[in-house]
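Colleague: I'm new to reading protein models, and I'd like to learn how to look at cysteines and helices. Could you walk me through one?

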Amino acid sequence: MARRAAGGGGGSHGDDFSFVSPVVKYVLFFFNMLFWMISMVMVAVGVYARLLKHAEAAMACLAVDPAILLVVVGVLTFLITFCGCVGSLRENICLLQMFSVCLTIVFLLQLAAGVLGFVFSDKARGKVSEIINGAIVHYRDDLDLQNLIDFGQKEFSCCGGVSYKDWSQNMYFNCTAANPSRERCSVPFSCCLQDAGEAVINTMCGQGMQDLSYLEASAFIYTNGCIDKLVNWIHSNLFLLGGIALGLAVPQLVGILLAQILINQIRDQIKLQLYNQQHQADPWY
């Protein structure tokens, strides 16, 4: 940690001089403090949502659980911003370097994910399909996941991954004759066509829809899958997604830049301190 130079009063660099800029130091501190508090809220919400789940659902599908995702992102953000907060406030080079390196890795991973997703769009599409199919399988196991799928199907006016018949992958909606579920061959209510004049949602509107052909089912539900709808939405909103990506990248780049500036200033301050200590005994100092 850098300290104020302890040079003699007559020296060119007196007691009040410091290479460390208070503006850079406290801007970086408050920048990290803001995201630190946001990360704590994310962790709290994720843990609270996880604790509300039933014990049997707790291990059902950790890979697609929004609450787990929220906790993981929150914890990583908390650790990174903690290094930035303490490092800037205490002028600790080690913590600032750790903050800068972690932020650089996160930025590069985001950049790599974007480039790979664009270059290998077919494989990315296959991975998205795999995630959606996994979510369909665990639809009834997790209330948060269920709400997320229902929201997506209503917003994108779609049903299932490739088509509405994908819901047969779920044990409750499975269309085999051996399935004893009352929801056999059905689809969730979020697949149903929206009726603006309907005051109360009919949650049984998807009953037996998998038994119908595409043409017959299209009169009652969305038959197109969500994967194509999502791809079309992405192609139609490239500028919006680019703006979001830029909005995420700019704070990260600003944080990295401020951290590096502060590190260099602290190093200069340490050199000044050592210089003053070595020349305090000089008669001309």
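Colleague: Let me start with a small detail: why is the disulfide of Cys175 and Cys185 right-handed?

Modeller: Before anything else, keep in mind that this is a predicted model. To read handedness, you look at the torsion about the S-S bond. For Cys175 and Cys185 that torsion is about 100 degrees, so the disulfide is right-handed. Their sulfur atoms are 1.6 Å apart, and a pair counts as a disulfide when the sulfurs are within 2.5 Å.

Colleague: Where do Cys175 and Cys185 lie?

Modeller: Cys175 and Cys185 each lie in the loop between α5 and α6, so the pair ties together parts that are 10 residues apart in sequence. Their surroundings are worth a look too. Cys185 has 0% relative accessibility, so it counts as buried, while Cys175, at 23%, counts as partly exposed. The cut-off used there is that buried means under 20%.

Colleague: How many disulfides does a search of the whole structure find?

Modeller: The search turns up four. One of them joins Cys158 and Cys226, with sulfur atoms 2.0 Å apart. Cys158 sits in the loop between α5 (143–156) and α6 (214–217), and Cys226 belongs to helix α7 (residues 226–236), so this pair ties together parts that are 68 residues apart in sequence. The torsion about its S-S bond is about 90 degrees, so this disulfide is right-handed.

Colleague: And how do I read accessibility here: is Cys226 buried or exposed?

Modeller: You compare the percentage with the cut-off. Cys226 has 14% relative accessibility, so it counts as buried. Its partner Cys158 comes out at 0%, so Cys158 counts as buried.

Colleague: What is the distance between the sulfur atoms of Cys192 and Cys205?

Modeller: The sulfurs of Cys192 and Cys205 are 1.9 Å apart, and the two form a disulfide. The torsion about their S-S bond is about 105 degrees, so this disulfide is right-handed. Both cysteines are in the loop between α5 and α6, 13 residues apart, and both are buried.

Colleague: Which pairing do you get by numbering the bonded cysteines in sequence order?

Modeller: That numbering is a handy way to write down who bonds with whom. For this protein the pairing reads 1-8, 2-5, 3-4, 6-7. Cys94 is in no disulfide, and its nearest cysteine sulfur, that of Cys83, is 8.4 Å away.

Colleague: Why does Cys102 have no bond to Cys83?

Modeller: Distance settles it. The sulfur of Cys102 is 6.2 Å from the closest cysteine sulfur, the one in Cys83, which is too far for a bond. Cys102 has 28% relative accessibility, so it counts as partly exposed.

Colleague: Now zoom out for me. How many helices and strands does the protein have?

Modeller: It has eight helices and zero strands. You can also check a record against the model. An unreviewed UniProt entry lists residues 26–49, 61–89, 95–120 and 238–263 under "transmembrane region". In the model, the span 95–120 is 96% helix and 0% strand, with its end C-alpha atoms 37 Å apart. Residues 238–263 are 100% helix, and their end C-alpha atoms also lie 37 Å apart.

Colleague: What share of the residues counts as buried?

Modeller: Of the 285 residues, 34% do. As for the surface, the protein exposes about 17,000 Å², with carbon and sulfur atoms supplying 68% of it.

Conventions. Residues are numbered from 1 along each chain as its sequence is written. This is a predicted model: local features need pLDDT of at least 70, side-chain atom pairs count only at pLDDT 80 or more; totals for chains, interfaces and linings use all residues. Side-chain values use heavy atoms; hydrogens and water are left out. Helices (H or I, at least four residues) and strands (E, at least two) are DSSP runs, numbered from the N terminus. Buried means under 20% relative accessible area, exposed over 50%, partly exposed in between (1.4 Å probe, protein chains only). UniProt positions are given in the numbering used here, feature names are shortened, and annotations may be inferred rather than shown by experiment. Accessible areas come from the Shrake-Rupley method with a 1.4 Å probe; for residues, only the protein chains shown count as cover.
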